[in-house]
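Reader: I am new to this structure and would like a close look at one part of it. Please keep to the salt bridges.

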Amino acid sequence: MLSERFNQALVYAAQLHANQKRKGSDVPYVAHLLGVASIALEYGAGEDEAIAALLHDAIEDQGGPATREEIRRRFGDTVTAIVDGCTDAETIPKPPWRQRKEAYIAHIANASGQVRLVSAADKLHNSRSLLKDYRLIGDALWDRFSGGKEGTLWYYRSLVTAFRQHGTTPLIEDLDRTVTELETLAINQPEMNLALLPKSY
């Protein structure tokens, strides 16, 4: 069962991200954090992993090193290490999009099982949201993202490949199915230029 630590993390995450919304929408960002924690728990997360799921974007989006040390003070080294492992970048301005994503993919291929669990839960929630929004607004969706259509699809497929370097799990299979469905819908649109896809895709 989850303890009071999880309740404290839930409140802390809601406070940290109180003024943040999901990209391109009016959905409070906390909805994503709750979704990631829910997926992680459904796929076997313990309390440290569930707390890290709530806080996985905190260092990146809400304070960098100072937030890292506050997470360490409140929730310990294990949670901090998982959140660190899920952090794309913490510097402002962030490095170029492609550089960051390639580095994150390489990192995930060698990350701990705890980091891979939380990261995969994050990517599954994101890809489900992408799929839902794509069905609603079509190719206008890609305007929200620095990588556009080709880059976003490349990123999610590359992540599936990176996660699978450690074998597969029901969570990775769920992510693969969701990404495949998104690819199928998006690639069937005439605007998609397959020649632009990286060879690794």
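Reader: With which residue does Arg-157 form a salt bridge, and how far apart are the closest N and O atoms?

Author: In this predicted model, Arg-157 pairs with Glu-183, and their closest N and O atoms are 3.0 Å apart. Arg-157 belongs to helix H9 (residues 148-163) and Glu-183 to helix H10 (residues 170-187), so the salt bridge ties together parts that lie 26 residues apart in sequence. Arg-157 and Glu-183 are both buried, which means that each has under 20% relative accessible area. The pair also belongs to a network of salt bridges that links Arg-157, Arg-164, Glu-173, Asp-176 and Glu-183.

The structure holds 21 salt bridges, and two others can be set beside this one. One of them joins Asp-48 and Arg-5, with 3.1 Å between the closest N and O atoms. This pair links distant parts of the chain, 43 residues apart: Asp-48 is in helix H3 (residues 47-54) and Arg-5 is in helix H1 (residues 4-16). Asp-48 is partly exposed, at 25% relative accessible area, and Arg-5 is partly exposed with a value of 25%.

The other joins Glu-70 and Arg-73, whose closest N and O atoms are 2.6 Å apart. Here the two residues sit in one helix, H5 (residues 65-75); because they are three residues apart, about one helical turn separates Glu-70 from Arg-73. Glu-70 is partly exposed, with 22% relative accessibility, whereas Arg-73 is exposed, with a relative accessible area of 60%.

Terms used:
Residues are numbered from 1 along each chain as its sequence is written. This is a predicted model: local features need pLDDT of at least 70, side-chain atom pairs count only at pLDDT 80 or more; totals for chains, interfaces and linings use all residues. Side-chain values use heavy atoms; hydrogens and water are left out. A salt bridge is a side-chain nitrogen of Lys or Arg within 4 Å of a carboxyl oxygen of Asp or Glu. Helices (H or I, at least four residues) and strands (E, at least two) are DSSP runs, numbered from the N terminus. Buried means under 20% relative accessible area, exposed over 50%, partly exposed in between (1.4 Å probe, protein chains only).
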